[in-house]
Amino acid sequence: MRSETLLLRQIHPNFVQAGRATSQAFRPTPKDEQRLSVDNGDLIEAEAAWKRFVSNPACSSAGVMAVLHGECDAQSLAVIEDGVPYPEHCSIDFSAFEKREIERKAKHLSRQAQGRGWLFEASGAA
Amino acid sequence: MNQVFLKPRLVGRRFDEHTLPLEILTDFAALESMLVEVAKREFRQANPSRARIPKGFTKGFELHLTAVESGSAVPVIAIVFPSLLPPSAVDYFEQARDKIIEAIASVELGQQPTLAPELLRYFDRFGRGLREGEAIEFTRSGGQTTALTPAIRERLLRASQAEEWTEEVTLKGRIPEVDQADLTFELELSDGLKLKAPLAEQQRETVLQAFATYREGQIVAVQGVIKRDRAERPKSFESIEHISPLDALDVETRLEELAALPDGWLDGRGKRLDPVALRSLAQAFDDYFDSQLPLPYLYPTAEGGVQAEWSLGDWEVSLEIDLGGRTALYQAVRLSTDQTRERTIDLSLGQKEWGRLNEELWSLGGVGA
């Protein structure tokens with residue numbers, strides 16, 4: 001992956017208000033084992049990633065935002081190309097950090113993603 | 001001359017100052033209409049040989065509000081008449097008053113109301129102005145008290161066999177349709193239900209603006225009287241008092257949305273947020289959050305809490321609120337330098353702690369990015 005590689009993140013509809021996503025969308029929830037799921041933007045387009053994600057009836061997404069691999073590096077967050085459960089899947093690893101540090105890093109990633117805007121937005125999303 | 005006829009006691013936050021809001025007076029005007037009809041019924045029962053009510057049955061006296069006493073608020077309603085002695089019809093009015101009070105008491109006691117169904121329909125307007133937590137208390141002839149509450153009013157109306165009745169409400173929604181020829185518009189509620197409403201000239205501009213910005217999600221709060229059927233479904237607006245466009249980040253509206261999230265709202269995870277705690281949080285925002293500051297974006301957290309966020313220039317700010325304990329973790333991060341400010345705020349402590357939150361936000365610039 002390059003520093004400019006976009007890491008695509010699905011944004012849950014309940015994590016969007018008036019078009020703005022919460023910084024929570026850019027950090028793992030307690031049950032995510034400290035890893036944030038993203039897709040490698042060099043290997044898949046935002047719309048295709050969204051379509052695959054919502055094809056699972058248990059998964060909802062208002063659309064796709066992204067952070068750069070380099071922005072994760074700047075936050076000392078490792079990006080793991082785990083390829084599971086599908087080849088484009090990656091994880092941003094927050095496991096070395098405590099809760100407040102994770103929230104601080106999520107604020108950086110969130111602002112950078114918001115500045116980039118929606119790469120794909122489902123019609124009717126908030 | 002005048003003599004005291006009725007001294008009901010109004011209970012609820014709106015009456016704590018021992019005063020009456022003007023809008024509740026319409027309920028007492030409705031009570032007067034009800035008294036006239038019930039008094040006529042009493043006259044007919046007492047005079048079965050009379051084919052009709054005497055002309056001028058209600059002439060010669062009027063019901064007046066003469067004072068408002070404390071406790072919370074006790075309006076003093078008197079019969080006013082020009083002669084030394086009250087007209088004889090006043091007896092029937094006193095009987096009517098007692099019958100109405102007994103009808104309320106019977107329903108409160110779980111019994112069938114003692115008034116005829118068609119007379120019970122007057123409760124459509126009498127008691128309509130009461131809000132949740134409010135009551136009008138009456139003293140029964142035996143000295144006990146009985147209270148008309150919104151719930152008792154509904155039971156009286158159900159007993160009246162009416163197919164639908166009216167309620168004063170404030171509903172929020174969007175305006176997808178305006179019919180300028182028919183002078184009506186539709187209010188679309190968050191569950192998709194559309195209510196037809198009359199379009200008054202004084203509200204026309206606001207309605208048309210909300211209609212034009214429907215696709216941008218413009219929400220309006222509509223205060224008025226709706227018709228509701230026996231299944232409690234709203235049918236349409238009968239009349240409208242006010243229409244107010246709401247800010248896209250309106251706190252109360254957003255917290256109402258969050259209160260509707262089911263358990264598992266985050267793709268099977270995500271705890272349900274406590275609706276009572278959310279209402280309390282909305283009230284606290286209204287009471288203590290500095291109205292000059294930018295409104296927060298509000299999101300649910302997977303643990304069943306609320307996260308407020310602000311983007312203030314170079315600062316990203318979050319306030320993670322635990323709805324159970326009402327404690328909140330405040331974190332502000334200056335993105336260019338990574339400077340971080342953190343503190344725990346006890347929102348249950350009211351003005352003082354909310355004041356600290358306001359100060360923190362002002363210290364960051366207080367202006368949205």
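Visitor: How many positive and negative side chains does chain B have, and how far apart do the centres of the two sets lie?

Guide: Count each sign, then compare where the two sets are centred. This is a predicted model, so take the numbers as read from predicted coordinates. Chain B carries 43 positive side chains and 60 negative ones. The two centres are 7 Å apart.

Visitor: And what belongs to the accessible surface of chain B?

Guide: About 18,500 Å² in total, with 47% belonging to carbon and sulfur atoms. On the residue side, 47% of the 369 residues of chain B count as buried.

Visitor: Which numbers tell me how spread out chain B is?

Guide: Start with the parts: chain B has eight helices and 16 strands. Then set the radius of gyration beside the globule rule: chain B comes out at 26 Å, well over the 21 Å that the rule gives for 369 residues, so chain B is more spread out than a compact globule. For the outline, the C-alpha atoms fill a box of roughly 95 × 50 × 40 Å along the principal axes.

Visitor: What share of the contacts in chain B joins residues at least 24 apart?

Guide: Take contacts between residues at least 6 apart in sequence; in chain B, 58% of those join residues at least 24 apart.

Visitor: Back to charges. How many salt bridges are there over all chains?

Guide: The test is a distance: a Lys or Arg side-chain nitrogen within 4 Å of an Asp or Glu carboxyl oxygen. By that rule there are 41 over all chains.

Visitor: Where does the bridge between Asp39(A) and Arg52(A) sit?

Guide: First the distance: the closest N and O atoms of Asp39(A) and Arg52(A) are 3.9 Å apart. The pair links distant parts of the chain, with Asp39(A) in strand β4 and Arg52(A) in helix α1, 13 residues apart. Asp39(A) is buried, at 4% relative accessibility. Arg52(A) is partly exposed, at 28%.

Visitor: What does the bridge between Asp182(B) and Lys196(B) tie together?

Guide: Those two side chains meet at 3.5 Å, N to O. Asp182(B) lies in the loop between β7 and β8 of chain B and Lys196(B) in strand β9, so the bridge ties together parts 14 residues apart in sequence. Asp182(B) is partly exposed at 42%, and Lys196(B) is partly exposed at 44%.

Visitor: Which residues are linked in a network of salt bridges?

Guide: Look for charged residues joined through several bridges. Here the network links Arg20(A), Arg111(A), Glu309(B) and Glu316(B).

Conventions
Residues numbered from 1 in each chain as written. Chains lettered and ligands numbered in written order. Predicted model: local features only at pLDDT ≥ 70, side-chain atom pairs only at ≥ 80, totals over all residues. Heavy atoms only, no water. Helix = DSSP H or I, 4+ residues; strand = E, 2+ residues; numbered from the N terminus. Buried < 20%, exposed > 50% of the residue type's maximum accessible area, 1.4 Å probe, protein only. Rg over C-alpha atoms; globule rule 2.2 N^0.38 Å. Contact = heavy atoms within 4.5 Å. Areas by Shrake-Rupley, 256 points an atom, 1.4 Å probe, with all protein chains shown as cover. Lys, Arg positive; Asp, Glu negative; His and termini not counted. Charge placed at Lys NZ, Arg CZ, Asp CG, Glu CD.
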